[in-house]
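User: I am new to this structure and would like a close look at a single part of it, with the terms explained along the way. Please take the salt-bridge network and the sheet that goes with it.

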Amino acid sequence: ETFSRDRLQYVGQIASKGEVEALVKVLPPSGAKKEIPMMNVHRVRVGQHLGQDFGKVLAIASEQLVVQELALSPTGEWQPREVRLLLQEAAP
């Protein structure tokens with residue numbers, strides 16, 4: 001919940017005892033010179049929160065991570081929206 005969605009990247013998934021977890025990498029802020037290896041990859045499960053827009057993980061698939069967020073509409077009402085983070089291939 002600390003990081004904005006534009007800094008989050010779905011990079012993989014792991015399964016243990018029948019439960020699937022998504023691996024989400026936190027990208028460094030723009031202008032940062034260096035990444036901290038492995039300190040920026042987090043594990044999330046369905047039902048956990050993700051991102052700053054009240055995001056909640058709905059589904060984890062091999063090719064995408066589905067998150068429901070709440071966004072404030074121009075009329076001042078909170079509206080749910082579904083966001084899909086596509087799997088990012090590893091750089092060569």
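User: Before the close look, how much area does the protein chain expose, and what share of it do carbon and sulfur atoms supply?

Analyst: The protein chain exposes about 6,600 Å², and carbon and sulfur atoms supply 54% of it; accessible areas come from the Shrake-Rupley method with a 1.4 Å probe, and for residues only the protein chains shown count as cover. This is a predicted model, in which local features need pLDDT of at least 70 and side-chain atom pairs count only at pLDDT 80 or more, while totals for chains, interfaces and linings use all residues. Residues are numbered from 1 along each chain as its sequence is written, and side-chain values use heavy atoms, with hydrogens and water left out.

The protein chain has 0 helices and 6 strands, where helices (H or I, at least four residues) and strands (E, at least two) are DSSP runs numbered from the N terminus. Of its 92 residues, 26% count as buried; buried means under 20% relative accessible area, exposed means over 50%, and partly exposed lies in between, with a 1.4 Å probe and protein chains only.

The sheet comes next. Three strands form an open sheet in the order β4-β5-β6, with antiparallel pairing, and two strands pair if DSSP finds at least two bridges between them. Because β4 (56-60) and β6 (78-86) stand at the edges with a single partner strand each, one side of each is left without a neighbour in the sheet. Neighbouring strands of this sheet are turned by 25° against each other on average, direction ignored; such axes are lines fitted to C-alpha atoms, for helices over the stretch in contact, and angles run from 0 to 180 degrees between N-to-C directions. Between β4 and β5 (residues 64-72) there are 4 bridges, and Val 57 has Val 67 of β5 as its bridge partner.

Now to the network itself. A search of the whole structure finds 7 salt bridges, a salt bridge being a side-chain nitrogen of Lys or Arg within 4 Å of a carboxyl oxygen of Asp or Glu. In one of them, the side chains of Glu 69 and Arg 5 meet at 2.8 Å, N to O, and this pair links distant parts of the chain, since Glu 69 is in strand β5 and Arg 5 in the segment before β1, 64 residues apart. Glu 69 counts as buried because its relative accessibility is 2%, whereas Arg 5, with a relative accessible area of 31%, is partly exposed.

Arg 81 forms a salt bridge with Asp 53, with the closest N and O atoms 3.3 Å apart; here Arg 81 lies in strand β6 and Asp 53 in the loop between β3 and β4, 28 residues apart. Both count as partly exposed, Arg 81 at 34% relative accessibility and Asp 53 at 29%. Arg 81 also meets Glu 69 in a salt bridge of 2.9 Å, N to O, a pair that joins strand β6 to strand β5 across 12 residues of sequence. Through shared partners, these salt bridges join Arg 5, Asp 53, Glu 69 and Arg 81 into one network.

Strand β5 is also the place of Leu 70, which counts as partly exposed because its relative accessibility is 34%. Together with Phe 54, Leu 72 and Trp 78, Leu 70 makes a nonpolar surface patch of about 440 Å²; patches are made of residues with over 30% relative accessible area and no salt bridge, like charges being joined within 9 Å and nonpolar side chains (Val, Leu, Ile, Met, Phe, Trp, Tyr) within 5 Å.
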